[in-house]
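Subject: Structure handover

Hello,

Here is the structure you were going to look at. My notes are underneath; please read them with the model open.

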Amino acid sequence: MDFATLNALDYDDFVNIFGNVVEKCPIITAAVWSKRPFAGLADLEAAIHEFIDALPESGKEGILRCHPDLAGRELQSGTLTQESREEQARAGLDALNSAEVSRMTRLNLDYKARFGFPFVICARMNDKATILRQLSERVQNERQVERARGIEEVKRICHLRLQGLVLTDVPNKL
Ligand SMILES: NC(=O)N[C@H]1NC(=O)NC1=O
C-alpha cells in the first residue's frame, strides 16, 4: 500500500487494516490516526511508539496483558488472532511435543506469577529453543526491567506486522 492511499483512509478503514499491529490494542491505531499524514513507515511507527512510551507503567503492563501466551491455551483451542497464530507457527510453537508444552506452560505460569503480566517476545525473530531460554532467563529480571523488555518486544512484533501490511501487495482488509 502506498502512503498516499494510507493517508487518505478514514478512521474506520485505518483501524480495520492496522488495528492489530499491537496485539488486541486497536485503541493505539485509532489514536495515531489523528497524526496523519505519515511520511512513511518509519513515521507511522514513530507515532505508535510515541503513544506507547507516553503511557503510564500500568498502561504498558496493560498492553503486555493483551498478548496471548506462547504455546498456550489459545493456540491449543485455535482462538489466537491470525497474526499471532502465524507468528507462533513460524517459531515452531504449534509443533511442540508434550514435554515441551509442559515446560513452556510451567515457565509461563512462573513468569506471570512473578510479574503480573505475560512473557512477550517477538516469536518471528526466535525459535522454540531461544524462546525457552529467554523465558527461563528473563523470569529472573526485576519487574521494571522486564516491563521495558516486554514493550521492546511488542515494538518488534509491531514492526514486522506493519511491514507485512504496508510493504506487500497482499490484499488488505478493505
Ligand atoms: N506472548 C507473546 O509473546 N505473544 C506474541 N509474540 C508474538 O510474536 N506474537 C504473539 O502473539
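What follows is a list of what turned up, ordered by region.

Please keep in mind that this is a predicted model.

Annotation. An unreviewed UniProt entry annotates residues 7-163 as "domain: Oxo-4-hydroxy-4-carboxy-5-ureidoimidazoline decarboxylase". In the model that span is 65% helix and 0% strand, and its end C-alpha atoms are 16 Å apart.

Helix 10 and its partners. Helix 10 covers residues 143-166, and I looked at how two other helices pack on it. Helix 4 (residues 41-53) packs against helix 10 at about 150°, with 11 Å between the axes. Angles over 145 degrees count as roughly antiparallel, and helix 4 and helix 10 are therefore described that way. Their crossing is right-handed. On the helix 4 side the contacts come from Leu41, Leu44, Glu45, Ile48, His49, Ile52 and Asp53; they meet Ile151, Lys155, Cys158, His159, Leu162, Gln163 and Val166 in helix 10.

Helix 5 (residues 57-65) packs on helix 10 at an angle of about 55°, with the axes 10 Å apart. The pair is therefore oblique, and the crossing is left-handed. Here Glu57, Lys60, Glu61, Ile63, Leu64 and Arg65 of helix 5 meet Arg143, Arg147, Gly150, Ile151 and Val154 of helix 10. Ile151 appears in the helix 4 contacts and also in the helix 5 contacts.

Helix 9. This helix runs over residues 128-138, and its buried residues are Thr130, Ile131, Leu132, Gln134, Leu135 and Arg138. Those buried residues pack against helix 8 (98-115) and helix 10. At the N-terminal end, Asp127 acts as the cap: one of its side-chain oxygens is 3.1 Å from the backbone nitrogen of Ala129.

Two buried polar residues. Glu87 sits in helix 7 (residues 82-90). The cut-off for buried is under 20% relative accessible area, so Glu87, at 9%, counts as buried. Its side chain makes a polar contact of 2.8 Å with the side chain of Arg161. Leaving aside residues up to four places away in sequence, Glu87 touches Ala123, Arg124, Ile157 and Arg161. Glu87 and Arg124 are separated by 37 residues in sequence, while their C-alpha atoms are 5.5 Å apart.

Asn108 belongs to helix 8 and, at 4% relative accessibility, is also buried. With residues up to four places away in sequence again left out, Asn108 touches Asp69, Leu70, Phe119 and Leu135. Leu135 is also one of the buried residues of helix 9.

Backbone points to check. The peptide bond between Arg36 and Pro37 is cis, with omega about 0°; Pro37 is in the loop between helix 3 (26-32) and helix 4. Two residues other than glycine have positive phi: Lys24, at about 55°, and Ala71, near 55°. Lys24 is in the loop between helix 2 (11-18) and helix 3, and Ala71 is in the loop between helix 5 and helix 6 (73-77). Lys24 is partly exposed, with a relative accessible area of 39%, whereas Ala71 is buried at 2%.

Regards

Conventions
Residues are numbered from 1 along each chain as its sequence is written. This is a predicted model: local features need pLDDT of at least 70, side-chain atom pairs count only at pLDDT 80 or more; totals for chains, interfaces and linings use all residues. Side-chain values use heavy atoms; hydrogens and water are left out. UniProt positions are given in the numbering used here, feature names are shortened, and annotations may be inferred rather than shown by experiment. Helices (H or I, at least four residues) and strands (E, at least two) are DSSP runs, numbered from the N terminus. Buried means under 20% relative accessible area, exposed over 50%, partly exposed in between (1.4 Å probe, protein chains only). Contact means heavy atoms within 4.5 Å. A polar contact is a pair of N or O atoms within 3.5 Å; within protein, one must be able to donate a hydrogen and the other to accept it, and residues adjacent in sequence count only if both atoms are side-chain atoms. Axes are lines fitted to C-alpha atoms, for helices over the stretch in contact, and angles run from 0 to 180 degrees between N-to-C directions. Angles under 35 degrees count as roughly parallel, over 145 as roughly antiparallel, 65 to 115 as roughly perpendicular and the rest as oblique. A crossing is left-handed if the near helix is turned anticlockwise from the far one by less than a right angle, and right-handed if clockwise.
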